[in-house]
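Visitor: Before we go through the contacts, could you show me the sequence and the structure, and then explain what stands behind each label?

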Amino acid sequence: MHRPAPTPTTTPGAAPRALQVLLLDDDLFTLELLADMVAGLGPHAVRCETRSLRALELLRADGPDLLICDLGLPELDGIELLRLLAEQGYDGAVVLLSGLDVGVLQAAERLAQAHGLALLGACAKPLARERLAGLLAQAAARPRRAGAGAPSGVAP
């Protein structure tokens, strides 16, 4: 599902530039809530996906600036997705979400950092709007490599 960027509301701390954001969560309610919050924080291009394998294809093809990803996913869990992102050289920013125990989030955070991913945060659900605004601003401030998002040929 692709959501067009609406006219943003004026929010202190909103990201300084528009981002391409991919949201990955198998819970449709959470996905819609996140998409609405991101869209309300700036003129961001938001893409939503419920399937991790499809999200991996989108990440290879489009290389969004930011991936916001739930850890508990069917098909390919968030931990495995992190490994594959690192293998394919994804250089966008990553935010991890989970409703699981804080220990799971901390382990995933260490794994993402060990793989060299640009992890901006590992956050418990639900994600507060103020925290999301700060993460979007961090992602917008990050430089991207030339040719970012080009497919690398690594298969899951």
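**Labels and their grounds**

Guide: In this predicted model, Cys 48 is buried, with a relative accessible area of 2%.

Visitor: Why is Cys 48 called buried?

Guide: The term applies to residues under 20% relative accessible area, and Cys 48 has 2%, so the label holds. Cys 123, with 5% relative accessibility, is buried by the same cut-off.

Visitor: How many disulfides does a search of the whole structure find?

Guide: The search finds zero disulfides, a disulfide being counted where two cysteine sulfur atoms lie within 2.5 Å.

Visitor: What makes Arg 47 and Asp 62 a salt bridge?

Guide: The closest N and O atoms of Arg 47 and Asp 62 are 3.4 Å apart, and the criterion asks for a side-chain nitrogen of Lys or Arg within 4 Å of a carboxyl oxygen of Asp or Glu, so the pair qualifies. Arg 47 belongs to strand β3 (residues 45-49) and Asp 62 to helix α2 (residues 52-62), so the salt bridge ties together parts that are 15 residues apart in sequence.

Visitor: Why do Arg 47 and Asp 62 count as partly exposed?

Guide: Partly exposed covers what lies between the 20% limit for buried and the 50% limit for exposed; Arg 47 has 28% relative accessibility and Asp 62 has 39%, so both take that label.

Visitor: How do you know that Asp 70 and Lys 125 meet in a salt bridge?

Guide: Their N to O distance is 3.4 Å, which satisfies the requirement of within 4 Å. This pair links distant parts of the chain, 55 residues apart, with Asp 70 in strand β4 (residues 66-70) and Lys 125 in the loop between β6 (118-124) and α5 (129-141).

Visitor: Which of these two partners is buried, and which is partly exposed?

Guide: Asp 70, with a relative accessible area of 5%, is buried, whereas Lys 125, with 27%, is partly exposed.

Visitor: What makes Arg 83 and Glu 80 a salt bridge, and where do the two residues lie?

Guide: The closest N and O atoms of Arg 83 and Glu 80 are 2.3 Å apart, so the pair meets the 4 Å criterion. Both residues lie in helix α3 (residues 78-87), three residues apart, or about one turn of the helix. Salt bridges that share partners also join Asp 25, Asp 70 and Lys 125 into one network.

Visitor: How many salt bridges does the structure hold?

Guide: The structure holds eight salt bridges, among them Arg 47 with Asp 62.

Conventions: Residues are numbered from 1 along each chain as its sequence is written. This is a predicted model: local features need pLDDT of at least 70, side-chain atom pairs count only at pLDDT 80 or more; totals for chains, interfaces and linings use all residues. Side-chain values use heavy atoms; hydrogens and water are left out. Buried means under 20% relative accessible area, exposed over 50%, partly exposed in between (1.4 Å probe, protein chains only). Helices (H or I, at least four residues) and strands (E, at least two) are DSSP runs, numbered from the N terminus.
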